[in-house]
Amino acid sequence: MENNLPPDILLVEDNPSDEELTLHALSQKELAENIKVIRDGAEALDFLFGKGNYQGLQEPNPPRLILLDLKLPKVNGLEVLEKIKAHPQTRNIPVVVFSSSDQEQDIRQSYALGANSFITKPVDFNQFSKTVQQVGSYWLKVNQQAA
């Protein structure tokens, strides 16, 4: 779903099944109009900060929401979160950690690094879809963001 606008959602997910389920759930609520999918932490950072393959391709115009998995190749999700929240250009982007982890350490560390929410991916398909739809609806339709 590529276009010239900044994405509404940056989905950082390396599991193709979870990616497909997430996109399907968002499309059912008409929230999948403008999503950028990235499959590793290093590329996510390049995209957000206009480096690597994204150098010169975009004005810094951040997504409205980042759905971030923790267990990512190259750079893990906690490192990505830390860099997002440490930089003035990206610190105000809502980041929802959406992970299969339910370990207390991951939850605590995510919040300590500035996550706006931590959600453990439901195993049940229907609950997974419902959760993704609720998250997308809240952050894109209900939540008020500063200009």
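**A parallel sheet and the helices packed on it**

In this predicted model, strand 1 (residues 9-12) runs parallel to strand 2 (residues 35-38), and the two are joined over 4 bridges. Within this pairing, valine 12 has isoleucine 38 of strand 2 as its bridge partner. Strand 1 also pairs with strand 3 (residues 65-68), again in the parallel sense and over 4 bridges. Here leucine 10 is matched with isoleucine 66 of strand 3.

These pairings belong to an open sheet of 5 strands, arranged in the order 2-1-3-4-5 with parallel pairing. Strand 2 and strand 5 (117-120) occupy the edges and each has a single partner strand, so one side of each lacks a neighbour in the sheet. On average, neighbouring strands of this sheet are turned by 20° against each other, direction ignored.

Strand 2 deserves a further look at its side chains. Ile35 and Val37 point one way from the strand, while Lys36 and Ile38 point the other way. Are these residues buried or exposed? All of them are buried, Lys36 included, although strand 2 is an edge strand.

The helices may now be placed against the sheet. Helix 2 (residues 41-49) lies across strand 1, strand 2 and strand 3, and runs at about 140° to strand 2. Helix 4 (residues 104-112) packs on the sheet where it touches strand 4 (95-99) and strand 5, and its direction makes about 155° with that of strand 5.

Helices also pack on one another. Two packed helices are described by the angle between their axes and the distance between the axes. For helix 2 and helix 3 (residues 77-86), the axes come within 9 Å and cross at roughly 15°. The two helices are therefore roughly parallel to each other, since angles under 35 degrees count as such. Their crossing is right-handed. In this contact, Gly41, Ala44, Leu45, Leu48 and Phe49 of helix 2 meet Val80, Lys83 and Ile84 of helix 3. The residues involved comprise 6 nonpolar, 1 polar and 1 charged.

Helix 1 (residues 16-28) and helix 5 (residues 125-142) form another packed pair, with an angle of about 60° and axes 8 Å apart. Helix 1 and helix 5 are therefore oblique to each other, and their crossing is right-handed. On the helix 1 side the contact involves Asp18, Leu21, Thr22, His24, Ala25, Leu26 and Gln28; on the helix 5 side it involves Phe125, Phe128, Ser129, Val132, Gln133 and Gly136. By class, the residues of this contact divide into 6 nonpolar, 6 polar and 1 charged.

Phenylalanine 98 connects several of these elements. This residue is found in strand 4 and is buried, with a relative accessible area of 4%. Which residues does phenylalanine 98 touch, not counting those up to four places away in sequence? They are Thr22, Leu68, Asp69, Ile119, Lys121, Pro122, Phe128, Thr131 and Val132. Among them, Thr22, Phe128 and Val132 also take part in the contact of helix 1 with helix 5. The C-alpha atoms of phenylalanine 98 and aspartate 69 are separated by 5.2 Å, with the two residues 29 apart along the chain.

A last point concerns the backbone. Most residues other than glycine have a negative phi. Lysine 74, which is not a glycine, nevertheless has a positive phi of about 70°. Lysine 74 lies in the loop between strand 3 and helix 3 and is exposed, with a relative accessible area of 70%.

How values were computed: Residues are numbered from 1 along each chain as its sequence is written. This is a predicted model: local features need pLDDT of at least 70, side-chain atom pairs count only at pLDDT 80 or more; totals for chains, interfaces and linings use all residues. Side-chain values use heavy atoms; hydrogens and water are left out. Buried means under 20% relative accessible area, exposed over 50%, partly exposed in between (1.4 Å probe, protein chains only). Two strands pair if DSSP finds at least two bridges between them. Axes are lines fitted to C-alpha atoms, for helices over the stretch in contact, and angles run from 0 to 180 degrees between N-to-C directions. Angles under 35 degrees count as roughly parallel, over 145 as roughly antiparallel, 65 to 115 as roughly perpendicular and the rest as oblique. A crossing is left-handed if the near helix is turned anticlockwise from the far one by less than a right angle, and right-handed if clockwise. Contact means heavy atoms within 4.5 Å. Ala, Val, Leu, Ile, Met, Phe, Trp, Tyr, Cys and Pro count as nonpolar, Asp, Glu, Lys and Arg as charged, and the others, Gly among them, as polar.
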